[in-house]
Amino acid sequence: MTPPDSPDSPDSLDSPDWSDLEDEDELPPALGTVLEINRGSLPFELLHGEALVAVAAWGLGESGVTPVDIGTEWEGLADSGEPVVLHDCLCPMTPADFIAECLRESVRRQAVVVGVRPVTDTVKTVDGADALPTVRMGPDREQLLVVTSPVVLPAGVVAALDALPSDDMGELVAMLAERFPVVTREAPPEGRRVTGPEDVAVLEALTAR
C-alpha cells in the first residue's frame, strides 16, 4: 500500500504540546503495546531463542516507551493524554532507536507516523473471473510500500478514536489515513515483517551478532 504523506486532517487534533522539551532528542512520554492477536502461532516462533512477541516487547521497552497490556481499555489510553505506540510482534527486530525516532516525529508533526519497507516482490494482477484468468503485470513496485512497525498515534488521534479500528497494521493505516495526517518512515532492514518460519530464519541470519 502507499500511505499518504501529511494530508490535511479533517479532525481536530487537540493534544499536549511537547515542543518545549529542553533537548530535541528527549523522548516525550508515551504508552505502547505489542500487537499479537489474530496472528496465529507465529508470534511464538523462536528468534535467537526467544518468542517473537518477547523480542518485540523487549525492543518496545528499550525504546523508552511505557508498555501497557493490549487489554487496556482505550478510554484509559485516551485519558492519559499521551501518544500511543503500536508495535507489531511480526516485526520483532525493529530497532528501539527507530521506534523512538518515530515517536519524536509523531509528536513534532502531530501526525500518525508509520514504519514501512519497500516492496521487493514482483506484483501482478489477475483479470477475468473465468476458468482461465489473464495474469498481467501489476503496479510499479517502487510505488508500493509494506507497512511494518511501529505505528505511532499522537495523543489527539488517540482521543479522537473510540477504539483501535483494526489490529492489522496495513488495514489500520489505510483507515487512519482517511481521517488523519499520516507520515511514513522507512524502517531499517532488520525491521522487516515476517510471514512464516522461513522469514524468521532469514531475519535471524540478518541480525546474528
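1. A word on terms before we start: contact here means heavy atoms within 4.5 Å. With that in hand, take threonine 33, which lies in strand β1. Setting aside neighbours within four places in sequence, threonine 33 is in contact with Leu60, Val68, Asp69, Ile70, Val85, Leu86 and His87. Its side chain also reaches the backbone oxygen of valine 68, at 3.2 Å. Threonine 33 has a relative accessible area of 8%, so it counts as buried, the cut-off being under 20%. Bear in mind throughout that this is a predicted model.

2. Now the overall picture. The protein has six helices and 10 strands, and buried residues make up 42% of its 209 residues. Among contacts between residues at least 6 apart in sequence, 76% join residues at least 24 apart. The accessible surface comes to about 10900 Å², and carbon and sulfur atoms account for 49% of that.

3. Back to β1 (31–35), the strand that holds threonine 33. Five of its five residues are buried. Leu31, Thr33 and Leu35 point one way, while Gly32 and Val34 point the other way. That fits the general pattern: in a regular strand the side chains alternate between the two faces of the sheet.

4. Which strands does β1 pair with? One is β4 (residues 66–67), joined to β1 by two bridges and running parallel to it; here glycine 32 has proline 67 as its bridge partner. Another is β5, also parallel, with five bridges to β1. In that pairing, valine 34 stands opposite histidine 87.

5. Helix α1 (52–62) is worth turning end-on in your viewer. Its buried residues are Leu52, Val53, Val55, Ala56, Gly59 and Leu60. Down the helix axis they fall within an arc of 160 degrees, so they line one face of α1. The face turned away from that buried side carries the exposed residues Trp58 and Glu62. On the buried side, the packing partners are β1, β2 (46–47), β3 (50–51), β5, α3 and α6. After α1 comes glycine 64, with a positive phi near 100 degrees.

6. Helix α5 (residues 169–177) makes a good companion to look at, with Met169, Leu172, Val173, Leu176 and Ala177 buried. These cover an arc of only 130 degrees around the axis, which means they sit on the same side of α5. The general reasoning is familiar: an α-helix has 3.6 residues a turn, so residues three or four places apart point the same way. The cover over the buried residues of α5 includes β1, β5 (84–88), β6 (112–118), β9 (145–153), α4 (155–160) and β10. At the N-terminal end, aspartate 168 caps α5, with a side-chain oxygen 3.2 Å from the backbone nitrogen of glycine 170.

7. On to the nonpolar cores. The largest has 28 residues, and those with the most contacts inside it are Leu47, Leu52, Val85, Leu103 and Val194. The elements giving two or more residues to this core are α1, α3 (96–109) and α6 (197–206). Apart from it lies another core, of 22 residues, including Leu35, Val112, Val147 and Phe180. Leucine 47 is a handy place to centre the view of the 28-residue core. Its contacts, leaving aside neighbours within four places in sequence, are Leu52, Val55, Pro92, Met93, Val200, Leu203 and Glu204.

8. Two more threonines deserve a look. Is threonine 207, in the segment after α6, buried or exposed? Its relative accessibility is 6%, so it counts as buried. The side chain of threonine 207 makes a polar contact with the side chain of histidine 48, at 2.8 Å. Not counting residues up to four places away in sequence, threonine 207 touches His48, Met93 and Glu190.

9. The other is threonine 184, found in strand β10 (residues 182–186). At 22% relative accessible area, threonine 184 is partly exposed, because the cut-off for buried is under 20%. Threonine 184 and alanine 111 are 73 residues apart in sequence, yet their C-alpha atoms are 9.9 Å apart in space.

Conventions: Residues numbered from 1 in each chain as written. Predicted model: local features only at pLDDT ≥ 70, side-chain atom pairs only at ≥ 80, totals over all residues. Heavy atoms only, no water. Helix = DSSP H or I, 4+ residues; strand = E, 2+ residues; numbered from the N terminus. Buried < 20%, exposed > 50% of the residue type's maximum accessible area, 1.4 Å probe, protein only. Arc of directions from axis to C-beta. Polar contact = N/O pair within 3.5 Å; in protein donor to acceptor, adjacent residues only side chain to side chain. Core = buried A, V, L, I, M, F, W, Y, C linked by side-chain atoms within 4.5 Å. Pairing = 2+ DSSP bridges. Areas by Shrake-Rupley, 256 points an atom, 1.4 Å probe, with all protein chains shown as cover.
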